Amino acid sequence: MAALAKRREVRAAREWLECHDDATIALQRQLAVIPAPSGAEERRGAFVAECFAELGLAGVWTDGAGNVLGRLGPADGAGVVIASHLDTVFPAETKLRVRESGARLIAPGIGDNARGLAAMVALASALGKAGVEPTRPITFVATVGEEGAGDLRGVKHLFEDPAFRPDAFIALDGAGINRIVHRAIGSR
């Protein structure tokens, strides 16, 4: 890991992220006001697909479950998957308005998971801007059906394909930056 952190393009990507945090927060705000209850994530998914396409990710598409995928690097295999879920626990009629209280943003779903989606898009952007050319593909996936009765529908759909065997799977979820969950979490 230390060797990776010393690479010029990795340092450049990190610097890009730090310099563009305001843009990431602005994207988070945009995502938070697009309704995306489990089972109705299409509008938010279309927005993320546009973001992926604007970043120049390859193979941007929406699969049969509604997951939005884009790739950086070689075309073969899933490589490293960076995923974040599109859906929220709030019903479609919930008023989605972002307000501020000091440095705090307050809105339904602003942290879970507008932040995860914004971070994923920012990471894809940073890697591209820094000229990172991965030797294995990095597949970015905005998944559907993570919350509640969604029962990880989008992720399960990915793994139904026998060819989908990523080297690693990283899920970005929520606003916390002080901890990493490195074990599976339960779903029923």
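Start with Ile82, which sits opposite Phe140 in β6. That pairing belongs to a parallel match between β3 and β6 that runs over six bridges. Keep in mind that this is a predicted model. From here we can follow Phe140 into the core, then look at a pocket and a few other spots.

**The strands around β3**

- β3 covers residues 80–85, and five of its six residues are buried, so you'll find this strand mostly covered.
- Besides β6, strand β3 also has β7 (residues 168–171) as a partner: the two run parallel and are joined by four bridges.
- In that second pairing, look for Val81, which stands opposite Phe169 in β7.

**The largest nonpolar core**

- Here's a handy bit of background: in soluble globular proteins, nonpolar side chains tend to be buried together.
- In this model, the largest nonpolar core has 35 residues, and Leu31, Phe52 and Phe140 have the most contacts inside it.
- Several elements each chip in two or more residues: α2 (8–19), α3 (21–32), α4 (42–55), β2, α5 (110–129) and β6 (138–143).
- Which element gives the largest share of this core? That's α5, with nine residues.
- Another core, of seven residues, lies apart from the big one, and its members include Leu69, Val81, Ala83 and Val141.
- So who does Phe140 touch, once you leave aside neighbours within four places in sequence? Its contacts include Phe52, Leu57, Val68, Ile82 and Met120, and also Leu123, Ala124 and Leu127.

**Helix α5 and what follows**

- Why can we call α5 largely enclosed by the rest of the structure? Because 15 of its 20 residues are buried.
- After α5 comes Gly131, which has a positive phi, near 75 degrees.

**The β1–β2 hairpin**

- β1 and β2 pair up in the antiparallel sense, over three bridges.
- One pair to find by eye is Thr62 and Val68 in β2, which stand opposite each other.
- Between the two strands of this hairpin there are five residues, and Gly66 has a positive phi near 110 degrees.

**The second largest pocket**

- To get the idea of a pocket, picture this: rolling a probe the size of a water molecule over the atoms shows where empty space is left.
- The second largest pocket comes out at a volume of about 330 Å³.
- It is lined by 16 residues, and the ones closest to its centre are Trp61, Leu69, Thr139, Asp161 and Phe164.
- What kinds of residues make up the lining? There are eight nonpolar, five polar and three charged ones.
- At least two lining residues come from each of β1 (58–62), β2 (68–72) and α6 (153–160).

**Val155 and its surroundings**

- Val155 is part of helix α6.
- If you skip residues up to four places away in sequence, Val155 touches Thr143 and Phe169.
- Val155 and His85 are 70 residues apart in sequence, yet their C-alpha atoms are 9.2 Å apart in space.

**Pro91 in its loop**

- Pro91 belongs to the loop between β3 and β4 (99–101).
- Is Pro91 buried or partly exposed? It counts as partly exposed because its relative accessibility is 43%, and the buried label needs a value under 20%.
- Pro91 and Ser38 are 53 residues apart along the chain, with 8.4 Å between their C-alpha atoms.

Terms used
Residues numbered from 1 in each chain as written. Predicted model: local features only at pLDDT ≥ 70, side-chain atom pairs only at ≥ 80, totals over all residues. Heavy atoms only, no water. 1 Å grid on protein atoms, 1.4 Å probe; cavity = no way out; pocket = protein on both sides within 12 Å on 5 of 7 lines; lining within 4 Å. Points joined across faces, edges and corners; volume = space filled by probe spheres on them. Nonpolar A, V, L, I, M, F, W, Y, C, P; charged D, E, K, R; others polar. Pairing = 2+ DSSP bridges. Core = buried A, V, L, I, M, F, W, Y, C linked by side-chain atoms within 4.5 Å. Buried < 20%, exposed > 50% of the residue type's maximum accessible area, 1.4 Å probe, protein only. Contact = heavy atoms within 4.5 Å.
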